[in-house]
Amino acid sequence: MPKYSKFTQQELPACKPILTPKWVVSVFFLVGIIFVPVGVVSLLAARDVVEIVDRYDDACVPANMTDNKLAYIQNPNISKDCTRTLTITEDMKQPIFVYYQLDNFYQNHRRYVKSRNDGQLRDAAKANQTSACEPEKTTADGKPIVPCGLIAWSLFNDTYSFTRGNENLTVDKKDISWKSDREHKFGKNVYPSNFQNGLLKGGGTLDPAIPLSEQEDLIVWMRTAALPTFRKLYGRIYVDLKKNDTITVRLSNNYNTYNFGGKKKLVLSTATWLGGKNDFLGFAYVIVGGLCFFLAFAFTLLYFIKPRKLGDHNYLSWNRHPAGR
Amino acid sequence: MKRFVYINDESYQNDYCDNRISNTKYTLLNFLPKNLWEQFRRFMNQYFLLIACLQLWSLITPVNPASTWGPLIFIFAVSATKEAWDDYNRYISDKQANEKEVWIVKNGTRKHIQAQDIRVGNIVWIRENEEVPCDLVLIGTSDSQGICHVETAALDGEIDLKTRVIPSTCVGLDCEQLHKIKGVIECPNPDKDIRRLDANIRLFPPFIDNDICPLTISNTLLQSCYLRNTEWACGVAVYTGNETKLGMSRGVPEPKLTAMDAMIDKLTGAIFLFQIAVVLVLGSAGNVWKDTEARKQWYVKYDDDEPWYQICVIPLRFELLCSIMIPISIKVSLDFVKSLYAKFIDWDEEMYDHETDTPAHAANTAISEDLGQVEYILTDKTGTLTENKMIFRRCCIGGTFYGNESGDALRDVELLNAVANSSPHVIKFLTVMTLCNTVIPIKSSSGAILYKAQSQDEDALVNAASNLHMVLVNKNGNNAEIHFNGRVVQYEILDILEFTSDRKRMSVVVLDCESGKIFLLSKGADEAIIPCAYSGQRIKTFVDAVDKYAQLGLRTLCLGWRELETEEYLEWSRSFKEANSALVDREWKVAEVCQKLEHSLEILGVSAIEDRLQVGVPETIEILRQSGINFWMLTGDKQSTAIQIALLCNLISSEPKGQLLYINGRTEDEVVRSLERVLLTMRITTSEPKELAFVVDGCALEIILSRYNEAFTELAVLSKTAICCRVTPSQKAQLVKLLKSCDYRTLAIGDGGNDVRMIQQADIGVGISGREGLQAARAADYSIGKFRFLKRLILVHGRYSYNRTAFLSQYSFYKSLLICFIQILFSFLSGIAGTSLFNSVSLMAYNVFYTSIPVLTTVLDKDLSEKTVMQNPEILLYCQAGRLLNPSTFAGWFGRSLYHALVVFLITIHAYANEKSEMEELSMVALSGSICLQAFVVTLEMNSLTFVQFLAIWGNFMAFYIINFFISSIPSAGMYTIMFRLCRQLTYWVTLLLISGVGMGPVLALKYFRYTYKPSAINILQKAERSFGPMYTLVNLESQLRSDMENTNISFSTTPVKNKASVYEPLLSDSPISSRRTLAASSFDIFQPAQSRNTSSYPRNIKAN
């Protein structure tokens, strides 16, 4: 005799929901009630953010070289210094985040994103571990590169400094990277070696005297972006900016985005609880909430126009067509 | 083509195999390669192996190879272990049979050897009640006349004793001579025909004459028969080991694949093609992008001179990236739920037979879904539908009815008094009951007399007579000894006028030894006996009695007798012998002669025998037929009995509602003519509300199956009901095969050894562990104690299994496609280079934990309660027609996964744009979005939610976070701190909520819309049982039921009209699948894959959908 239990007899008590009009309409109604306010709040938050974007890659090319930007960027003898002027459109409360934005830059490329070795970055003893760093593993004479790999090699190296009138706005570059990265991913006793010593120089260079855990620009850069358009934190300005202030940006335009048509932008932005200026969530919530209300009403209307008796056996097809079929 | 067996001559013995029986599939040495080979014959396994191998190439692998190898090895180890265990058990049982001790003659003396060492040509001695170890030609028995009795149940399932005789040339040899006998037997090569042996024997001098003596099957003892009632017998081994008749007909049962597995394989194939297409498109796009764009991206640093294989690197990367499209977990999940379905069957209390203490058992755990898709049930009769217990219930003797009040004539005081008073009518009646038969009485050791009868009716009659004090004590050759009221009466049986289905009666001519009078005793069907009454006898009472008994569902026999004049008998006897030795048309001539004697009978009375149906058989058949399953009855029994039983158990209806069409005839011409006639009638009558059934007997079937297969196939498709009588085990199997070849799902149910082959042949074999032993139950996929459990097995277990697997398999594809589509979408934003958005850990855990566990609880899902299903068995059609898993429902799930992938991906990349677009974070957001949608989808698609399901679904969602918190706290892991960071961000939760809302909103809306305005029958019943389920009072339930019944009855008698036509069409266009396919594919939809619509096309009975 099999042992009796509700499980073995498949008789566990079960909740058997049915999609009644009342239930479905109230679900949609409820979702609408939740979504619309959330959307409105998100929209307001996004509106609060002040954001100033300045594209400078084209503007910083000397007028005589606009036809041959590649020659300009690849010639080390041409000065890359450039000055831009920004006008503040709204009052900006500190802290003001300074980002650089790259467009059409594939940090997520299969070849690129894997070209790093976390062990080497963390542990000085593992300097020789350059597996996966292809094709930036070692120098021509076989010495391991620290940090190895394409990501480090292509380090972004444009620099910015800001002045308002004569006042120098200091950019605080401390703590721009994740704390966890500084403490656990990049070693305190790992120093750059043989970096950018190859024939082909990629991006920026690193000071061999500073340990990797303090090379915050590198740490930020090595947090690869998932999308081809991305912003990375350059620093923070702890000064309130007033509307119509004029900011002068002195930048050195070192980084080559010209041969693949990538754009470089400088972004100054404040932040709210939702992050930067991003309308998407707000709009999406409002629209979805609205649609839910619409569906709720439509179903209610439909219910009154075309009422259906629940579970009427007459709807069963084998009952619906009696003899004579 | 022939083999020559030299009796007792060792120099020739090695020409043929020894008597070792082997049913094992593997040996120790070939197990691994053979098993791997078998496993790799499955497409899916080949595919996974290929993927696993490709992953070893680090240049192209997006994830750690262990994530594929681990599960793969695990899956293979599990199934190999199972195979090994099964094979070991087979080995053990073979070993037992092989090592049994037997006596053989060696160098003139008897020796004990193991059964496996018997060689062709050995003389084997068998004692009473021993099993015959191999096929023997009988050369000697303990009986002076050279006969012996065997029980052939294991071979053909017939439980009566059969008489075997030694060939004439061996008559009269004593033991000594048998030890020294030499000779040659010429016999055909081994075959599986258990009814035929065309051989001859020639003994060498000094043994009598050296004439050739023909051998037939009645001179043989076949393997697995038992010797009964004979002290000893000896014979020459002619076929041994796996070459015996039994061994040849055993056949290796093929592993069964359910229709659903086949469909899943097909869908897998389709997905595979889709995947190849995706890989080719993305691969070439990737190569183009690489050559045009990526080379400008200096930071990617492509070499200018690349190795030759570089062109296929990107396509291969995509291949690996897309390999998750085909979920490796599906096989493990399916195996798991299937074994649970089987357990539920084993556990089911309502299928527990209290009478014999046997639970239902699923021996084959892999095919439960098929139970829900059965279209044809082929059932044995005796022991399956009936209890196989015939009981004498009533009788009408000389116009007096006995047993009317109590329903049991044996307890009727009047009859007992009549017996005690030796009322002449009653004595005559009892004498016919006792003598007019071919029963063999056997005295058991305890002194009680047991009867072995060819027919259960005769058994019942003789037993009843002995209860009425007329006891058949002994039948020795032609002499019968009867005890009546303490007197001993001797009779000599002069002639037996055998029963044939044409004559429908049998008679014996007996000589009363005391008085020297000769009597003709006859019994038979009423229409065969009553016309033979002497003119002037009032037969109306008997006709009335027959009618009355038949209405009660009893099997009636009329009994009559006549005293013969000695001269008349002698004269007749001569012509009878003549007819019996005729070479041409013997049967017809014998019948003619019998006719001459069987006239002017004094009708003595009518006996009524009850062949009790098992409890609940008519209801079960009614319900199963209502659910659209067609019933065929295949029986070794005679036609009239079969029809009787069929009428009793609702299989066929009597006139005028139903009509039986007979296909019979002895010669080919007759058979063909009647086949054509029946076919014509079938085609015409399809427009009338009539239940048609055809009846065919073994003889005609033999001719039809060998030559007129096509016409019969058409008939088979047209006919919902059929009765095949007098069929052999191999014909049963052939019929199953025929239906299978038309792509019907067949279920064979039987209880005896003669059903084994059909059970093995059918898609599903069900054995009844009954009176005829456990053979059928052992060979079957499912064994149940009683026939009535079949309805629960099919309607409850089969249906649930089908529904659950349909959901589980499609869901498995859905979740794999979802993650794969996200990867593909991401590749458009990552330079079409085959970057994986998700890391190895997430990808592996996604399939193994996050999404597998919740859906496994679908084994607890019940769309409708068992009660509702039993009340509306028509609902089974959804399973039969494969409405819940077919290309169109699959397309729905496919669309849903595409939609959800778009939702997850687009929302994620927009919410996490710009400064937030960090790779690890973004991938976790997308992953949580997918997991969240999964949980909602499973919740929404479950029809009933127990706390187990709820816990599994949402507990799993929690577990997702716990696992990721854990991984996020390992510093060396790629996603260190990620989950903590995300959970602190408000944006993350807001994004997740948005994904759920946008993902599920349309799904819910569409489901509701369809549920309310285009409900499927399942939906309607769901609503009915759930909304006013508790308010179902007995009254309205009954009226509801009654109206249901009425309607269904009508529609059932009418629907065949259309359906039969629509059923046959597909055959014309060669494949019934095609029509099934087209109709099924007519609906396509995204959000409601679990339910199909098309309710209007519902009432088809057979297939067409």
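Helix α32 (residues 919-941) and helix α33 (residues 947-968), both of chain B, are a good place to start in this predicted model. Their axes come within 9 Å and cross at roughly 165°. Because angles over 145 degrees count as roughly antiparallel, α32(B) is roughly antiparallel to α33(B). If you look at the handedness, you will find that α32(B) passes α33(B) in a right-handed crossing.

Which residues of α32(B) and α33(B) make the contact? From α32(B) come B:M924, B:L927, B:S928, B:I931, B:C932, B:A935, B:F936, B:V938 and B:T939. On the other side, α33(B) offers B:I953, B:W954, B:F957, B:F960, B:Y961 and B:N964. Sorted by class, this contact has 12 nonpolar residues and 3 polar ones, with no charged residues.

Now let us step back to the two chains. The size of an interface is often given as the accessible area lost when the parts come together. Between chain B and chain A, the buried area is about 8,900 Å², and carbon and sulfur atoms give 64% of that. Chain B brings 113 residues to the contact, while chain A brings 92 residues. Three residues are worth picking out on the chain B side: B:W298, B:Y299 and B:Y1008 supply 10% of the area that chain B buries against chain A, more than any other three residues.

Finally, how many salt bridges are there between chain B and chain A? The count is 4. A salt bridge to look up in your viewer is formed by A:E136 with B:K301, where the closest N and O atoms are 2.0 Å apart.

Conventions:
Residues are numbered from 1 along each chain as its sequence is written. Chains are lettered from A and ligands numbered from 1 in the order in which they are written. This is a predicted model: local features need pLDDT of at least 70, side-chain atom pairs count only at pLDDT 80 or more; totals for chains, interfaces and linings use all residues. Side-chain values use heavy atoms; hydrogens and water are left out. Axes are lines fitted to C-alpha atoms, for helices over the stretch in contact, and angles run from 0 to 180 degrees between N-to-C directions. Helices (H or I, at least four residues) and strands (E, at least two) are DSSP runs, numbered from the N terminus. Angles under 35 degrees count as roughly parallel, over 145 as roughly antiparallel, 65 to 115 as roughly perpendicular and the rest as oblique. A crossing is left-handed if the near helix is turned anticlockwise from the far one by less than a right angle, and right-handed if clockwise. Contact means heavy atoms within 4.5 Å. Ala, Val, Leu, Ile, Met, Phe, Trp, Tyr, Cys and Pro count as nonpolar, Asp, Glu, Lys and Arg as charged, and the others, Gly among them, as polar. Buried area is the accessible area (1.4 Å probe) that two parts lose on being put together, summed over both. A salt bridge is a side-chain nitrogen of Lys or Arg within 4 Å of a carboxyl oxygen of Asp or Glu.
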